[in-house]
Amino acid sequence: MLKVLIADDEPNILMSLEFLMKKEGYKVYIARDGGEAFDLIQQEKPDLLLLDIMMPRMDGYELCQFVKQHPDYQHAKVIFLSAKSKDLDVQKGYDVGGDLYIPKPFSTRDLIAKINQLKAAAA
Amino acid sequence: MSSLTLTLCSLLYLSVLFSIAFWAERRSKRGGSLLNSPYFYALSLAVYCTAWTFYGSVGRAASGGIEFLSVYIGPTLTVPLWWSVLRKIIRICKVQRITSIADFISARYGKNRGIGVMITILCVIGIIPYISIQLKAIAESFAVLSGQSLVGPTPVWLSDQSFYMTLILAAFTILFGTRKLEATERHEGLVTAIAFESVIKLVAFVAVGIYVTYGLFDGPADIFQQAEKLPSLKQHFVFHAGHSTSEWLWYIILSMPAILFLPRQFQVAVVENVDEKHLNKAMWLFPLYMFVICLFVLPLAFGGKLILNNPIDDADVYVLSLPLHFGEKGLALLAYIGGFSAASSMIIVETTALSVMISNNLVMPILVSRPSWQKQIGNAWSTVVINIRRLAILAMLLLAYEYYRQVSHHFSLVSVGMMSFAAVAQFTPAIIGGIYWKRGTQAGARLGLILGASVWFYTLIVPTLVTAGLLPAHWMTEGPLNQGWLRPYTLFGLHGFDPISHSVFWSFFVNIGGYIWGSLYRPQSPLDHNQAVLFVDVFEYARRYDSSVAWKGKVQVSDLKALLTTFFGEERATRAMERYIRKHKINTQNYLADSRLVNYTEKLLAGAVGTASARILIASVAKEEPIALDEVIKILKVSHELLTVNKELRRKSIELEKLTEQLREANELLKAADQQKDDFLSTVTHEIRTPITSIRALSEILHDNDEMDQETRQHFLSTIIKESERLTRLINQVLDLERIESGRNKLSMEVTDMAAVVQDAVESVEQLAIDKRMELEVVNTCPEVTLIVDRDRIMQVLINLLSNAIKFCEEDKGHIWVRTELQGMWYVVSVADNGHGIEPKYHSLIFEKFYQTQDRNTRKPKGSGLGLAITRKILELHQGSIEVQSEPEQGATFIFRLPLTRFERIASAQELG
């Protein structure tokens, strides 16, 4: 069973994403800020990360950079889900190693489709 | 104390002086000039305090009480004028390269040679006695300390220590006072040594003063109490019947010009001045110096009288005899050195200044006016000038020494000093008139000076010649040729004055009268007028001096250069010329110099040989044409117009700069406002995206998943509704804030019963508190208050604060207090809770829009982040304010104030009253 870590400081967004990913058959871990996410990455070594960018304690960029630079976790795919939609922000997301950058608000169907594409490409 | 010890100590002190002077010269060559400090300038001014101050004031105080103060009060009274008078004189001297008081007056009145000669002679005659009393003071103090008798035969030259002392002082002055040809250049070593001497004499005098006042007596009160018991001293406490207040007044008047126009004062205050700004400090430091040195004069005088009350002891040397009487040899020696420093500093500076006057105003004009002599001296001019000065120094000191031996024992320190003051005071009309009155003419100055100096000589010097036996005694009693109205002390039958006041009265009378008459009724020559304008309006012409001097004629550039070369050497002459030509873009194609170059050359020469000599030198190489007064006026006008144009241009460019700066600032402000707007917009979009994200995701999930259980479905639906509400609230608040900030939303003010508003607000949130099982309590400590406010807006503020409080309190435990009270002019409402509290560093931030997004380490509280910003804005529109008091985990109290209306203020004042 693949593990997904969802990090966002908006509880309602977390709730919807949790429902969605469980339905897709993932084991879901929830983090309400960057710090919690950082701990969970090391504990659970998730295969997929859905990261908000602006979060207390550690932001999404920092988390992604950590994951992509660490041999134990770098296999994981990172998708940014952010309300920040400026070109600069998107570019930075890819610069720190993110696999996808999806601006909020997003379509759930689109999100699932893109996750599946990523999975297929990796396999 | 043996003469040998004393001689050795004097020599030791002099060698210290030499080393300080050498050290200062060396230091300044390396660029570390001490004279850049205003303190050195102020201390050098204290060369005013001579042996007369050090010994003489005590003597005078012993016989005349506080009369001695007059010569310190006079200078102090002039201090406020320094900023206008002294600064102007300094500026004129710098611009025209003037090096002495004689040069100053001669330059002002058409660079007239005769006036320079007259001033120089008057100075020398007036000041040689003054120098001689300094030598006398040194000799007497030496005698007192070594136990020699003051009376008895005067020793022959070669066995007299004071003769050798005179020679050493001459050597010092020659070494440090005639180092450079250009008298405008600073005498670093000399001035530093003088400043040092000023410290020494002050320390020595104060030390003796403290010893006598606190060592021999129990403080000043004790001395005065004891002195009061002696009738001879008690009379000195006040002006008694015998005192003449007019004498006191005349002495004050006499010492006022002395502080600036004595050659030594002019030397340190004007010629050696490095920076006009030093006046600022000197203006209070110098009077303070005089105050301190006068402080112990009366205690010393009375103390001396009380302890050494016998007529043999000379009160002039109490400073020495008091410590000596009690065997304090060390202190007596210090006092001797102090007196020595007071005397030597005067001698050194005075002779330096006089030597420049003698060389530049007396000898040089004669030497340079003979073409044959000019040729003979050739390139050795600078050596000749300097040697003349050296010779002058030696001659004057020997003259003073001889005067001391032959004449000075007839007179006291003070009387001789006063005669010098009176001589120097004769310059006052010519100088003050010269720098403030353009009509003052050469003829007037000459007439005033001749009359004033003659009367001075007749009323003060002639009597001394009578006393010395050089003139028949009946002159004093019957008058020359038995003409009673010519008696020197009662000229024209004027009785009731002491000799000094009498002389000052008559000499001033004829001097000022002559000056004004001559100026009004004798014509002013073109050069005279030219200089008059440049002096009086120096601050306007200072920068354009060279082009403001009218000159017409033909002179080759090479001749000017040759002239400079003979005085300054090939290298310096070439450099000075080339720099000037380059700087002013002077055309030298046709080998003829233009008038600016001529004036510049003349100015350079003036710094070395004096204004009158420089004029003669230029005239000797140039074919000059006479210049008419209207040409002078035209040149001055052109120069002045250029000045005005320049000023106007400068003003315009400054204005332009200001405008540019203002534009730049406005642009910055616009940019900042733009940036703020951008930030706000991106924050708002971000805040809007968040609830929309939840709404969209949850709706899609509901749409795609029919098989969901009822409970989850319900939960999702209610979340969608809540997020929609959040979105609506956000949009409303953004619009609200925008309306308030742009001023589009006008407050609708009405008379409002505040207690009712508070009650309504509390009621509207009460249900929320009850749902969360919180306590909500209202404490009204103020009487009924009606304010003129926008009722709905104030309600909005209260509801906002109350719902915040409810939001941040824990359920079940929450407690909220609303308190209203009157504080002075303010109606104050506080909303307090026992919730999580806020760290102090966020106290000001929380009132900013969307503040939570600024900080990454705190969880977002629920809400738009605009509530408190709106709250503050509303209160500000009411001329009110809001603040928060809180610590983490200690709850938070939001306090807002609204100003009372005038009616309420009166009511509350009555209540308090």
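# Contacts between domains and between chains

Student: Across the interface of domain 4 of chain B and domain 5 of chain B, how many residue pairs are in polar contact?
Tutor: The model is a predicted one, and the rule applied here takes pairs in which both residues are at pLDDT 80 or more. Across the interface of domain 4 of chain B and domain 5 of chain B, the number of residue pairs found in polar contact is two.

Student: Which elements give two or more residues to the side of domain 4 of chain B that touches domain 5 of chain B?
Tutor: In the division of chain B, domain 4 covers 634-739 and domain 5 covers 746-912. By class, the side of domain 4 of chain B that touches domain 5 of chain B has five nonpolar, three polar and two charged residues. The elements of chain B that give two or more residues to this side are α32 (629-704) and α33 (710-742).

Student: Which three residues supply 48% of the area that domain 4 of chain B buries against domain 5 of chain B?
Tutor: The C-alpha centres of these two domains of chain B, domain 4 and domain 5, lie 27 Å apart, and 10 residues of domain 4 are in contact with 11 residues of domain 5. The area buried between them is about 980 Å², with 65% of it given by carbon and sulfur atoms. On the side of domain 4 of chain B, the three residues that supply 48%, more than any other three, are B:Q733, B:D736 and B:L737.

Student: Which residue meets B:D736 in a salt bridge?
Tutor: Side chains of opposite charge can pair when their charged atoms come close. Between domain 4 of chain B and domain 5 of chain B the count is one salt bridge. For B:D736, the distance from N to O in its salt bridge is 3.0 Å, and the partner side chain is that of B:R793.

Student: What is the area buried between chain A and chain B?
Tutor: The size of an interface is often given as the accessible area lost when the parts come together. The contact of the two chains takes 29 residues from chain A and 28 residues from chain B. Carbon and sulfur atoms give 56% of the buried area between chain A and chain B, which is about 2,400 Å².

Student: In chain A, which residues lose the most area to chain B?
Tutor: The residues of chain A that touch chain B divide into 11 nonpolar, five polar and 13 charged. Those that lose the most area supply together 21% of what the side of chain A buries, and they are A:M15, A:F19 and A:P105.

Student: Which element gives the most residues to the side of chain A that touches chain B?
Tutor: Across the interface of chain A and chain B, nine residue pairs are in polar contact. Two helices of chain A, α1 (11-23) and α5 (108-122), each supply at least two residues of the side that touches chain B. The element that gives the most to this side, with seven residues, is α1(A).

Student: Where in chain A does A:E10, the partner of B:R726, lie?
Tutor: The whole structure has 32 salt bridges over all chains, and the count between chain A and chain B is two. A:E10 forms a salt bridge with B:R726, and their closest N and O atoms are 3.0 Å apart. The pair crosses between chains, from B:R726 in helix α33 of chain B to A:E10, which lies in the loop between β1 (3-7) and α1 of chain A.

Key. Residues numbered from 1 in each chain as written. Chains lettered and ligands numbered in written order. Predicted model: local features only at pLDDT ≥ 70, side-chain atom pairs only at ≥ 80, totals over all residues. Heavy atoms only, no water. Domains from an automatic or database assignment. Contact = heavy atoms within 4.5 Å. Buried area = accessible area lost by both parts, 1.4 Å probe. Salt bridge = Lys/Arg side-chain N within 4 Å of Asp/Glu carboxyl O. Polar contact = N/O pair within 3.5 Å; in protein donor to acceptor, adjacent residues only side chain to side chain. Helix = DSSP H or I, 4+ residues; strand = E, 2+ residues; numbered from the N terminus. Nonpolar A, V, L, I, M, F, W, Y, C, P; charged D, E, K, R; others polar.
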